[in-house]
Amino acid sequence: MNELALLLAATLNAGTVLAIAGLGLLINERAGIVNLGAEGMMLVAAIAGFATAVHSGSDTLAFVAGMGAGALMAAAFGVLVIWLNTNQYATGLALSLFGAGFSAFVGISFTQQRIGTRPQFAVPYLADIPLVGPALFRQHPLVYGAIALALGLTWFLYRSRAGLVLRAVGESPESAHALGYPVRRIRLAAVMAGGALCGLAGAYISVIYTPLWVEGMVAGKGWIALALTTFATWRPTRVLLGAYLFGGVTMLQFHLQGEGVQIASQWLTMLPYLSTIVVLVLISRNPNWIKANMPASLGKPFFPGN
Amino acid sequence: MLRLEARPQPSKAMSIGSPLLALVITVLIGIALFAALGKDPGRGLQVFFIEPVKSAYALSELSIKAVPLVLIALGLAVCFRSNIWNIGAEGQFVVGALAAGWVAMQAGPGTAWLGKGIVVPILLAGMLGGMAWAALVALLRDRFNANEILVSLMLVYVADMLLAYLVYGPWKDPAGYNFPQTITFDATTKIPRLITGLRLNIGLVVALAAVGALWVFLFRTYRGFALQVGGLAPAAARYAGFSSRRALWTALLISGGLAGLAGGLEAAGPLGQLTPYVPAGYGFAAIIVAFVGRLHPVGIVFSAVLMSMFYIGGELAQSRLGLPKALTGVFQGLLLFSLLACDTLIHYRVRFGKRVAA
């Protein structure tokens with residue numbers, strides 16, 4: 001039973017990375033922009049966060065650095081895509097390729113560094129409940145932050161005026177433009193918000209989740225987060241649930257290895273990637289279902305005045 | 001104020017000028033980066049642009065990198081022209097290497113009668129392996145509408161793990177001191193070299209033949225034309241009765257086959273055995289090669305040579321200037337990023353001053 005609690009705790013922890021990045025990507029996709037640069041932004045943010053943690057010793061500063069790095073990269077992507085009308089897929093890919101190279105380049109001097117033991121957290125009283133405590137209430141604050149973010153984003157998108165404008169920009173930029181909303185600036189803001197959250201997720205990986213720097217350590221989580229938004233049909237709470245599902249799959253592999261299951265570790269490492277494919281297939285099977293939920297202008301450029 | 005004004009027609013000159021401009025921007029950033037790191041930018045330019053082409057040996061090494069890049073990028077150009085986003089060529093390359101490696105491992109005294117002919121089934125196996133991996137993407141997209149970008153990319157990780165499983169497990173060389181590697185392939189399987197003493201091999205001939213074949217396919221055949229119409233104007237293609245499903249399968253099979261062929265040439269050529277280091281990033285670098293080469297077979301040759309210079313320059317920067325090899329990735333990413341920005345100039349003119357009221 002105790003092991004189940006630990007597995008659940010590890011699942012929440014692993015899911016948090018995907019949830020934060022996925023929710024960030026959801027914001028910019030709701031505004032009509034697909035950013036395939038998630039993986040690159042997360043990598044650069046991971047090294048930015050780790051380097052900051054090494055030099056300052058502050059996790060908070062590390063998160064801020066990660067968010068800054070993500071937002072900056074997203075801004076470069078945004079200017080190209082929104083003002084220069086470059087192809088969103090190609091530009092996002094460029095960001096991912098650049099991020100992989102740049103983080104490896106900057107990270108060389110940090111590969112041997114350590115940032116010491118990570119602080120332990122416990123919610124007062126609740127953490128002492130048997131089973132439930134270790135499973136749910138001894139997590140890093142960002143684990144709860146991700147849940148709050150999903151709920152907050154739901155409120156923002158469906159209950160606030162600003163959220164309505166954001167969705168309008170994603171559904172019909174022409175109408176939003178005709179109503180006088182600055183479509184391009186709103187899109188840039190959404191893209192940068194997405195980048196900042198991907199950055200936060202990247203920094204969480206290198207500072208909390210596996211506190212060290214290894215080249216390419218994001219290992220496809222940015223791409224899985226991209227798949228999550230489709231899987232969740234662009235709903236924040238479903239992104240959160242999907243993230244935990246993938247977190248669970250990732251953790252299952254370690255759990256099975258711990259149990260001494262006789263499978264080569266490589267098959268287990270494949271699991272998250274294979275399940276992403278399976279889930280994509282299941283959710284995409286009905287094209288109408290995707291079409292009904294997808295922001296209508298997703299991936300399409302918008303030039304006001306032409 | 002700077003502003004963009006749409007050109008009445010896309011500029012032909014800029015579509016060739018843009019990659020050159022992007023290269024200039026990348027070089028300028030590179031010079032600034034070298035200066036910032038306290039290295040002599042002149043030495044930097046030398047290791048990236050002079051050393052890789054200054055001798056027959058250097059050119060032969062350059063070809064070792066350029067051949068896989070050309071082959072993979074040709075296939076990607078077909079995909080991108082058809083608006084099919086195969087970004088998993090790296091996985092198709094790895095599976096091609098696996099399939100070719102499996103055939104190469106069967107070679108021995110029993111296959112001696114084939115002589116050098118064994119290279120043909122090896123390369124065919126590589127091609128089929130890459131095709132099969134790409135066919136998975138086509139199948140899931142065709143049958144279940146699953147996004148090809150994400151599926152092809154996820155399959156890269158799966159292919160890497162498959163390779164790791166095989167070289168750590170069933171295919172591990174029993175006499176290899178427990179290193180994760182297969183046996184060294186039989187000498188007959190070695191891809192024939194063109195000039196004694198140099199690593200330059202028939203891969204170069206294969207790649208150039210592929211350039212010619214793809215040029216004919218894209219610009220002189222009905223199938224190739226149909227593919228491109230589907231990419232540029234899906235509605236027009238539907239109206240003309242061009243099947244989008246056929247385009248999907250054709251593009252992915254061509255691209256997977258070429259990436260697999262590159263994997264086969266790599267496994268039986270420079271590598272000579274399978275190790276966890278088969279994936280060298282060619283599949284991703286080829287995306288940049290394809291775009292910088294304007295998705296045109298001839299352009300791809302030039303951009304592949306340029307990208308190979310980045311690879312060799314990065315290695316030299318490491319050994320001679322003490323800079324990390326990862327510099328290559330930085331410059332490759334920067335090149336694509338600046339290219340996409342410069343491409344705006346194909347469709348727009350930069351104007352100064354305020355917009356004149358229409």
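Start by selecting N85(A), which sits in the loop between α3 (59-83) and α4 of chain A. Keep in mind that this is a predicted model. N85(A) is not a glycine, yet its phi is positive, about 55°. Is N85(A) buried, exposed or partly exposed? It has 18 C-beta neighbours inside 10 Å, so it counts as partly exposed.

**Switch to chain B.** Select N178(B), in the loop between α6 (148-168) and α7 (203-220) of chain B. Here too phi is positive in a residue other than glycine, near 65°. N178(B) has 9 C-beta neighbours inside 10 Å, so it counts as exposed.

**Next, the contact between the chains.** Select 38 residues from chain A and 38 residues from chain B. Which elements of chain A give two or more residues to the side that touches chain B? They are α4 (88-107), α10 (221-231) and α12 (265-284). Colour α4(A) brightly: it supplies twelve residues, the largest share of that side. Now colour the side of chain A by class. You should find 26 nonpolar residues, eleven polar and one charged.

**Go to a helix pair in chain A.** Show helix α7 (residues 161-171) and α9(A). Their axes lie 10 Å apart and the packing angle is about 105°. That angle falls within 65 to 115 degrees, so α7(A) is roughly perpendicular to α9(A). Where do they meet? V165(A), L166(A) and V169(A) come from α7(A), and they face V183(A), I186(A), R187(A) and A190(A) of α9(A). By class, this contact has six nonpolar residues, no polar ones and one charged.

**Now the nonpolar core.** The largest one has 222 residues. Helix α9 (residues 183-209) of chain A gives the most to this core, with 17 residues. Which residues have the most contacts inside the core? They are I72(B) and A73(B). Zoom in on A73(B). Leaving aside neighbours within four places in sequence, A73(B) is in contact with A286(B), V289(B), A290(B), G293(B), I300(B) and A304(B).

**Last stop: α11(A).** Select residues 236-258 of chain A. At 1.5 Å a residue, these 23 residues should span 33 Å, and the end C-alpha atoms are 33 Å apart, so the two values agree. Show the buried residues of α11(A), among them P236(A), L240(A), F246(A) and M251(A). What do they pack against? The partners are α1 (2-30), α6 (141-159), α10 and α12 of chain A. Finish just past the helix at G260(A), where phi is positive, near 80°.

Technical notes
Residues numbered from 1 in each chain as written. Chains lettered and ligands numbered in written order. Predicted model: local features only at pLDDT ≥ 70, side-chain atom pairs only at ≥ 80, totals over all residues. Core = buried A, V, L, I, M, F, W, Y, C linked by C-beta atoms within 7 Å. Buried ≥ 20, exposed ≤ 12 C-beta atoms within 10 Å, placed from the backbone. Helix = DSSP H or I, 4+ residues; strand = E, 2+ residues; numbered from the N terminus. Contact = placed C-beta atoms within 7 Å. Nonpolar A, V, L, I, M, F, W, Y, C, P; charged D, E, K, R; others polar. Axes fitted to C-alpha atoms, helices over the stretch in contact; angles between N-to-C directions. Parallel < 35°, antiparallel > 145°, perpendicular 65-115°, else oblique. Expected span 1.5 Å × (residues − 1).
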